[in-house]
Amino acid sequence: MDRKQHSRRLFKSGAAALLSLTCSHQASAGGIMLYEVGQEGAGLANAGAAVLASDPSVLMNNPAGISRLEGTQVNASGQLVIGHIKFAADASSDFDGNNGGNALKYLPGASFFISHQIDDRSSIGFGMYGNFGLAVKYDDDWAGRYFTQQAAVIGLSFEPVYSYKVDDKLSLGIGPRIMYGYYRTQAAVDNNVLGLGGGRSDGQLEYQDTDIGIGLNMGLLYQLNERVDLGLAYTSKVELEFEDRPSFDNINNPLLDAALQTANIRSLELGMQVPQTLLLSSSYRLDPQWTLLGTLGWQDWSEFGDIGVEVEAAGGSVTTGVDRRYKDTWHASLGAQYQATRQLRWNMGIAYDSTMVDDADRTVDNPAAAAWRFAGGLNYALDDNTDLHLAYTLVWLGDMDVSQSKSRSGDSLNGSYDRSALHILGGGAVWRF
């Protein structure tokens, strides 16, 4: 067994401060992948995402879509996620402390897209956006502080694409997806363990690192007839490898300190796989005013589920490599666009996303659940070359029960997140040259 394997084996046998490096804000398909990055399509709840080629932001979902755009076009947008993710412990919990407050108060983001028509067949584009990301922050002294206090996972994607129009009906698109990943987490360490008396203040554990991963986006766009468009897009997984030495502060329990020293945690490697996805969309033009849109999607969250860390001190050992038992998710959405006037277009949509985790496996670092989306928005043409767009999405998660236990002591944190929801506001502009 080499040193790396030995370290991982050692990390899988221990008991005292639990830390998970997968935080959450569920603005996604039961996981942590955003559909909404401020673009006009956010008002459709992702309906028609792989066929909606009204501006360069289509390249995020289907790079073939930029073949429909003339000249040079630019889209700059922003969004704000406002959460209501509040935990309430029940009487059976074994940990003291408060309920942690609102775990997701807000999370801002921005995006930029540009496309350029080279000739009648070829187009190029570039996108910079953050559709993979989450953040959670509880009060430092909350009841679940030994599981997590705060964490952030941010993925910023840079995507150059090329699209080729095979004929008047079929277009193909492809491009690399270069992701810059940032990972940070923090949890309290219980100094009152290993047989020593109570009254000791908590210690602190922190871990952070950055990495760059590369994947591939590809898609096709096909005009079945004058009324119907079909889009199919695939995004490969992106592997991120975080490697850093965890930082421990205020470890004033000598037995716990000795256990951590014995573990010799000089470098902790955590591999994360941003999931591969498959997207099928269609649009149907009823008349010059109404267009109906739909999308079916799949995301491979079962591969992401091995990420996680437990650092537990007991018998001089430390644990890492927690399997969160995540599973693949499915998405279905329906939407409609109404061209009210030459300048004003209304968008509306509804969607359902299955959950990435069963009720029995839900944890406070990622209180995920099945989600309903209700979205609406508008696009207003100031002139032939400038559009403004606004969108709002309600992501309803409902009530989520949690029962999470320490692997060695068996102490449990029990409670629920009631009436959980996210409010996503977005807007921006499109310029054509």
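Student: In this predicted model, does D229 count as buried or exposed, and at what relative accessibility?

Tutor: Let's use the cut-off: buried means under 20% relative accessible area. D229 falls below that limit, so it counts as buried, at a relative accessibility of 4%.

Student: Which residue does the side chain of D229 meet in a salt bridge?

Tutor: The N to O distance in this pair is 3.4 Å. D229 lies in strand β9 (residues 228-235) and its partner in strand β13 (residues 277-285), so the salt bridge ties together parts that are 56 residues apart in sequence. The partner counts as partly exposed, at 26% relative accessibility. That residue is R285.

Student: R285 also turns up around T291, I think. Which residues does T291 touch, not counting those up to four places away in sequence?

Tutor: Good eye! T291 is found in strand β14 (residues 290-299), and it is buried, with a relative accessible area of 15%. Its contacts beyond those sequence neighbours are S283, Y284, R285, G335, A336 and Q337.

Student: Back to salt bridges: how far apart are the closest N and O atoms of R373 and E36?

Tutor: This pair links distant parts of the chain, with R373 in strand β18 (residues 371-383) and E36 in the loop between β1 (17-19) and β2 (72-84), 337 residues apart. R373 is buried at 0% relative accessible area, and E36 counts as buried at 2%. In the salt bridge between them, the closest N and O atoms are separated by 2.8 Å.

Student: And how does K237 compare: is it buried or partly exposed?

Tutor: K237 forms a salt bridge with E239, with 3.4 Å between the closest N and O atoms. E239 has a relative accessible area of 45%, so it is partly exposed. K237, at 36% relative accessibility, counts as partly exposed.

Student: Which residue is the bridge partner of E243 in β12?

Tutor: Strand β10 (residues 238-244) and β12 run antiparallel and are joined by seven bridges. Strand β12 covers residues 268-274, and five of its seven residues are buried. Within β12, the partner of E243 is E269.

Student: Which residues touch the most other members of the largest nonpolar core?

Tutor: In soluble globular proteins, nonpolar side chains tend to be buried together. Here the largest such core has 28 residues, and the elements giving it two or more residues are β5 (122-137), β19 (386-405) and β20 (412-432). Apart from it lies another core of 20 residues, among them F242, M272, V274 and V357. In the largest core, the residues touching the most other members are V364, L413 and Y417.

Student: L413 contacts F87 and W142, among others. What kind of aromatic pair do F87 and W142 form?

Tutor: F87 is buried at 3% relative accessible area, and W142 counts as buried at 0%. Planes over 60 degrees apart count as edge-to-face. The ring centres of F87 and W142 are 5.6 Å apart and their planes stand at 85 degrees, so the pair is edge-to-face.

Student: What about the rings of Y352 and W372: what type of pair are they?

Tutor: Y352 sits in strand β17 (residues 344-353) and W372 in strand β18, 20 residues apart. Y352 counts as partly exposed at 34% relative accessibility, and W372 likewise at 41%. Their ring centres are 5.0 Å apart with the planes at 55 degrees, so the pair is tilted.

Definitions and conventions
Residues are numbered from 1 along each chain as its sequence is written. This is a predicted model: local features need pLDDT of at least 70, side-chain atom pairs count only at pLDDT 80 or more; totals for chains, interfaces and linings use all residues. Side-chain values use heavy atoms; hydrogens and water are left out. Buried means under 20% relative accessible area, exposed over 50%, partly exposed in between (1.4 Å probe, protein chains only). Helices (H or I, at least four residues) and strands (E, at least two) are DSSP runs, numbered from the N terminus. Two strands pair if DSSP finds at least two bridges between them. A salt bridge is a side-chain nitrogen of Lys or Arg within 4 Å of a carboxyl oxygen of Asp or Glu. Contact means heavy atoms within 4.5 Å. A nonpolar core is a set of buried Ala, Val, Leu, Ile, Met, Phe, Trp, Tyr and Cys residues joined through side-chain atoms within 4.5 Å. Rings of Phe, Tyr and Trp (its six-membered ring) pair if their centres lie within 6.5 Å; planes under 30 degrees apart count as stacked, over 60 as edge-to-face and the rest as tilted.
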